[in-house]
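Let's look at how some helices pack against one another. Here is the structure to follow along with.

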Amino acid sequence: MAKSTGKLELKSLTKEFGNGSDKVVAVRELSLTIQPGEFVTLLGPSGCGKTTALRMVAGFETPTSGKVLLDGEDMSTLTPDRRPKGMVFQSYALFPHMSVFDNVAYGLKVKKLSNSQIKKDVGEILDSMNLAHLSKRAPNQLSGGQQQRVALARAMVVRPKVLLFDEPLSNLDAKLRAQMRIEIRSIQRQLGITSIFVTHDQDEAMSLSDRIVVMRNAVVEQAGTPEEIYRRPNSVFVADFIGRSNFLAVKDVKKSDRTRVQISISGKKMKVNAHPKALSSAAPTLLVRPESISVSRSKTAKNKMKANEGLVKNVVFYGNHVEYEIETAQLTISAVVSDPVYDEIVPVGAVAKFDFDPSRAWLMPSTGKEIKED
């Protein structure tokens with residue numbers, strides 16, 4: 001059996017710009033191993049270092065220190081054209097004077113393949129991406145989604161060891177972005193190409209990735225599967241960046257068993273799963289996702305509300321779910337109820353009772369930004 005190729009290793013990768021007091025560290029000590037065929041997304045806010053990291057892998061930026069290894073070979077000093085990679089840009093970067101066929105064939109011509117081989121390879125990739133009927137058109141005769149597929153086909157047709165995506169879907173509308181995510185993931189799995197995708201869009205990261213690397217201020221906050229990042233975040237920053245969150249203050253934190261702790265919240269004791277550092281934290285925070293919270297109408301008077309009750313400040317009905325904002329004495333609770341019964345929706349101004357399953361909660365270490373409980 002042939003050995004898998006495309007193992008990418010980033011070893012203490014650092015990039016600095018400027019000197020002295022003007023020096024800015026864009027990426028600091030980034031170490032990451034991406035297995036052959038794995039799809040990894042670098043996710044984070046603008047300025048976190050994700051694009052600079054991608055550009056160092058591509059060869060467009062030279063690392064200040066550290067190495068980029070591909071199948072054990074140091075690529076750090078190689079120019080972009082000498083690296084066995086394909087890249088899909090945000091701007092598509094298609095040649096306007098070339099047809100779809102010639103755009104896709106460009107990389108194969110650079111590699112000096114025979115005309116018959118080029119025709120075969122380009123034909124196969126155009127067929128797989130439903131572009132064959134557009135092969136003679138110019139880029140300006142295509143829709144945004146079609147242009148993006150051509151850019152993707154051009155990057156993939158050369159069968160690179162690594163495929164790099166620099167926010168390639170940001171120029172598309174929401175519906176087209178969703179369709180392109182499915183297409184990209186399907187083709188990437190089919191070809192088994194190691195891929196790095198850069199985005200600030202959490203939906204893209206969640207739907208595309210085998211692993212997500214969340215970056216902040218030039219360093220990695222957490223790397224893990226989409227489920228780990230969403231359900232077991234390391235910090236309030238990661239939890240808040242990936243999806244919507246409720247952060248609840250807790251008291252009387254005690255170890256229960258190997259993975260759970262006992263806590264008291266609003267006078268109620270419960271056992272919850274916890275981060276390993278939560279127990280030793282000064283003020284741990286409980287994460288409860290909005291979709292984990294149940295909501296029902298309460299008969300309690302507004303001036304006699306209990307700890308698990310609040311005043312409904314906003315209700316948005318989306319058909320397949322309803323979203324609530326419930327104001328309590330300490331904070332505002334966000335809740336999402338799926339497949340709601342219309343007559344049971346609690347209206348604005350009414351008192352609502354809210355609850356959650358402790359098994360769906362997650363206790364995190366303190367960050368200095370916790371909400372104090374009275």
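## α2 against α3

In this predicted model, α2 and α3 sit oblique to each other. Their axes cross at roughly 125° and come within 10 Å. That angle lies outside the 65 to 115 range that counts as roughly perpendicular and isn't over 145 either, so oblique is the word for it. α3 covers residues 115-128, and α2 passes it in a right-handed crossing.

Who does the touching? On the α2 side, the contact is made by Val-100, Phe-101, Val-104, Ala-105, Leu-108 and Lys-109. From α3 come Ile-118, Lys-119, Asp-121, Val-122, Ile-125 and Leu-126. Sort the residues of this contact by class and you get 9 nonpolar and 3 charged, with no polar ones.

## α2 against α4

Now for the other partner of α2. Helix α2 runs over residues 100-110 and helix α4 over residues 144-156. How do these two lie relative to each other? Their axes cross at roughly 30°, and angles under 35 degrees count as roughly parallel, so α2 and α4 are roughly parallel to each other. The axes come within 7 Å, and the crossing is right-handed.

For this contact, α2 supplies Val-100, Asn-103 and Val-104, which meet Val-150, Ala-153 and Arg-154 in α4. By class, the residues of the contact of α2 with α4 split into 4 nonpolar, 1 polar and 1 charged.

## Residues to look at twice

Val-100 and Val-104 of α2 turn up in the contact with α3, and they also meet α4.

Technical notes:
Residues numbered from 1 in each chain as written. Predicted model: local features only at pLDDT ≥ 70, side-chain atom pairs only at ≥ 80, totals over all residues. Heavy atoms only, no water. Axes fitted to C-alpha atoms, helices over the stretch in contact; angles between N-to-C directions. Helix = DSSP H or I, 4+ residues; strand = E, 2+ residues; numbered from the N terminus. Left-handed = near helix turned anticlockwise from the far one by under 90°. Contact = heavy atoms within 4.5 Å. Nonpolar A, V, L, I, M, F, W, Y, C, P; charged D, E, K, R; others polar.
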